[in-house]
Amino acid sequence: MKDRNETLLVGTIFGEPRFSQTKTGGTCAQFTVSVKRPDPSRVTDLINVTAWDSLADRLALEFGPDRRILVRGRIQKSSFLTQEGTRKTFTKVSAEALEHPDEIVNSSTQEQMAGDYGYAA
């Protein structure tokens, strides 16, 4: 099997998405998705997501705080040096698709999608 960098998040938008314009006129949206882990601890992870251009525009029109969202994308890791010379590293998901999970996904589809990613629905 070839290498793949693919992720699927189903959760709730946490807080207000932040929107900005690029120098070339594109749109960037940064937001956080709250996702409960599928184990008995029910710990919640806060996952940072970035959406660009038409996806960012769609996020602004159709989604907001506390809305359920399905994000398909890839994991990206970046780092930078602070003024003090310390390297800071962060991980985020770069969105490739945004969906309304509660409106389009029935239980059998949800189980199939979860099985594709190795999780129980």
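## A guided tour from Arg 68 through the barrel

Begin by selecting Arg 68, which counts as partly exposed because its relative accessibility is 33%. The model on screen is predicted. Keep Arg 68 displayed and add Asp 102: the two side chains meet in a salt bridge, with 3.3 Å from N to O. This pair links distant parts of the chain, since Asp 102 belongs to helix H2 (residues 101-104) and Arg 68 to strand E4, 34 residues apart. Asp 102 has a relative accessible area of 54% and is therefore exposed.

**The loop before strand E4**

Next, select Arg 67, located in the loop between helix H1 (53-62) and strand E4 (68-81). Is Arg 67 exposed, partly exposed or buried? Its relative accessibility is 33%, so Arg 67 counts as partly exposed. Now display the residues that Arg 67 touches, leaving aside those up to four places away in sequence: Gly 11, Thr 12, Ile 13, Glu 62, His 100 and Glu 103. With His 100 in view, draw a distance between the side chains: Arg 67 makes a polar contact there, at 3.2 Å. For a further distance, pick the C-alpha atoms of Arg 67 and Gly 15; they are separated by 10.0 Å, while the residues lie 52 apart along the chain.

**Along helix H1**

Glu 62, one of the residues touched by Arg 67, leads into the next selection. Add Arg 58, whose side chain meets that of Glu 62 in a salt bridge (3.1 Å, N to O). Which spacing separates Glu 62 and Arg 58 in helix H1? The two residues are 4 apart in the helix, so about one helical turn separates them. Glu 62 is partly exposed because its relative accessible area is 32%, and Arg 58 is likewise partly exposed, at 23%.

**A pair at Glu 6 and Arg 4**

Move to Glu 6 and Arg 4, which form a salt bridge whose closest N and O atoms are 1.9 Å apart. Glu 6 counts as partly exposed, because its relative accessibility is 41%. Arg 4 has a relative accessible area of 60% and is therefore exposed. How many salt bridges does the structure hold? There are 5, among them the pair Glu 6 and Arg 4.

**The barrel**

Now hide the side chains and show the strands as a cartoon. A closed barrel of 5 strands runs in the order E1-E2-E3-E5-E4, and its pairing is mixed. On average, neighbouring strands of this sheet are turned by 45 degrees against each other, direction ignored. Select strand E2 (residues 27-36) together with strand E3 (residues 44-52): they pair in the antiparallel sense over 9 bridges. Strands of a sheet pair through backbone hydrogen bonds, in either a parallel or an antiparallel arrangement. For a single bridge to inspect, pick Cys 28, whose partner in E3 is Trp 52.

**The whole chain**

Finally, return to the full view. The protein chain contains 3 helices and 5 strands, and from the N terminus on its elements run β-β-β-α-β-β-α-α. Of its 121 residues, 31% count as buried. Among contacts between residues at least 6 apart in sequence, 55% join residues at least 24 apart. With the surface switched on, the accessible area of the protein chain comes to about 8,300 Å², and 48% of that belongs to carbon and sulfur atoms.

Key:
Residues numbered from 1 in each chain as written. Predicted model: local features only at pLDDT ≥ 70, side-chain atom pairs only at ≥ 80, totals over all residues. Heavy atoms only, no water. Buried < 20%, exposed > 50% of the residue type's maximum accessible area, 1.4 Å probe, protein only. Contact = heavy atoms within 4.5 Å. Polar contact = N/O pair within 3.5 Å; in protein donor to acceptor, adjacent residues only side chain to side chain. Salt bridge = Lys/Arg side-chain N within 4 Å of Asp/Glu carboxyl O. Areas by Shrake-Rupley, 256 points an atom, 1.4 Å probe, with all protein chains shown as cover. Pairing = 2+ DSSP bridges. Axes fitted to C-alpha atoms, helices over the stretch in contact; angles between N-to-C directions.
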